[in-house]
Amino acid sequence: MNDCVFCRIAAGQAPATKVYEDDTLCAFLDIRPIARGHTLVIPKRHASELEDLDAELGAHIFRAGHRLALAIRRSDLAADGANLVLNDGTAAFQTVPHVHLHVIPRRHGDKLSFAAGLLLRRPHDPESTAAAIRAGISALAHEDETSAEERE
Ligand SMILES: [Zn+2]
C-alpha cells in the first residue's frame with residue numbers, strides 16, 4: 001500500500017463517508033465540500049491522472065457519476081442539477097494525485113451559496129447527507145425495477 005490518501009480510503013484504511021462502492025470504484029463525500037452532497041468517485045486501483053487510467057474504468061467512473069447525479073436529484077437534497085468535473089493534472093488544479101470525478105449538486109439560484117462554498121468548503125452533517133444520497137440511489141434502483149416490469 002502506498003501513502004496515497006484516496007488509495008487508503010478505497011481500501012477502508014482511512015476514514016471517509018462512503019455512499020457507494022463496487023469492485024472497481026467507490027464514491028464518498030468530499031471532506032471539503034463546495035455544496036452539500038459534493039461527492040467524489042474514484043477508481044480503487046491507483047491512477048494519478050487520466051494518462052494512467054484504463055479507459056473502460058474511466059467510462060465506468062463516469063457512469064457512476066451520472067447515476068449519482070440522478071440519485072442526488074431524487075434525494076432529500078433535492079438538487080436541480082449537478083456539476084460533474086474532473087480536473088486532470090496539476091495544471092488543471094488537480095489537488096489529490098489520484099483520479100477523482102467531482103459530482104457537485106446544484107440548485108436553481110444557488111450562485112451565491114455556491115461561490116461561498118468555493119471559499120469556505122465546510123462539511124454539512126456528513127452522516128445525514130450520505131444517508132440522503134443512499135436513499136436517492138435506492139429510489140433510482142426502485143425506478144429501474146419498476147420500468148423494467150413495465151417493459152415486460
Ligand atoms: Zn491512490
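# Strands, helices and their neighbours

Student: Which residue in β2 is the bridge partner of E21?

Tutor: Strands (E, at least two residues) and helices (H or I, at least four) are DSSP runs numbered from the N terminus, and two strands pair if DSSP finds at least two bridges between them. β1 and β2 meet that condition, with 3 bridges in the antiparallel sense. A hairpin of 3 residues leads from β1 to β2. Across this pair, the β2 partner of E21 is C26.

Student: Before we go on, how are residues numbered here, and from what number?

Tutor: What you see is a predicted model, where local features need pLDDT of at least 70, side-chain atom pairs count only at pLDDT 80 or more, and totals for chains, interfaces and linings use all residues. Residues are numbered along each chain as its sequence is written, starting from 1.

Student: In what order do the elements of the protein run from the N terminus on?

Tutor: There are 4 helices and 5 strands to place. Read from the N terminus, they follow the order α-β-β-β-α-β-β-α-α.

Student: What radius of gyration does the protein have?

Tutor: The radius of gyration is taken over C-alpha atoms, and the globule rule is 2.2 Å times the number of residues to the power 0.38. For 152 residues that rule gives 15 Å, and the protein comes close to it, so it is as compact as a globular protein of that length. Along the principal axes, the C-alpha trace spans about 45 × 40 × 25 Å. The radius of gyration itself is 16 Å.

Student: Which strands stand at the edges of the sheet?

Tutor: The sheet is open, its 5 strands are paired antiparallel, and their order is β1-β2-β3-β5-β4. The strands at the edges have a single partner each, so one side of each lacks a neighbour in the sheet. From one strand to the next the twist averages 20°, with axes fitted as lines to C-alpha atoms (for helices over the stretch in contact) and angles running from 0 to 180 degrees between N-to-C directions. The edge strands are β1 (18-21) and β4 (81-85).

Student: C26 came up earlier; which residue is its bridge partner in β3?

Tutor: Strand β2 covers residues 25-29 and β3 covers residues 39-43. They run antiparallel and are joined by 5 bridges. In β3, C26 is matched with I42.

Student: And which residue of β5 stands opposite L40?

Tutor: β3 and β5 also run antiparallel, with 3 bridges between them. Opposite L40 in β5 stands H102.

Student: Which residue in β5 is the bridge partner of G81?

Tutor: β4 pairs with β5 over 5 bridges, in the antiparallel sense. The β5 partner of G81 is R106.

Student: Is N83 buried, exposed or partly exposed?

Tutor: N83 is a residue of strand β4. A residue is buried if 20 or more other C-beta atoms (placed from the backbone) lie within 10 Å of its own, exposed if 12 or fewer, and partly exposed in between. N83 has 14 such neighbours inside 10 Å, so the class it falls in is partly exposed.

Student: Which residues does V85 touch, beyond its neighbours within four places in sequence?

Tutor: V85 also belongs to β4. Contact means that the C-beta atoms of two residues, placed from the backbone, lie within 7 Å. The residues in contact with V85 are H102 and I104.

Student: Within what arc do the buried residues of α2 fall?

Tutor: Helix α2 spans residues 55-74, and its buried residues are I61, A64, G65, L68, A69, A71 and I72. Their arc, taken from the directions between helix axis and C-beta atoms, is narrow enough that they line one face of the helix. On the other side, A55, E56, A59 and R63 are exposed. Seen down the axis, the arc is 165°.

Student: How far apart are the end C-alpha atoms of α4?

Tutor: The expected span of a helix is 1.5 Å times one less than its number of residues, so the 26 residues of α4 should span 38 Å. The distance in the model agrees with that, at 37 Å.

Student: At about what angle to β1 does α4 run?

Tutor: Helix α4 (residues 126-151) lies across β1, β2 and β3. Its buried residues are T129, A130, A132, I133 and G136, and their cover includes those strands and α2. The angle to β1 is about 35°.
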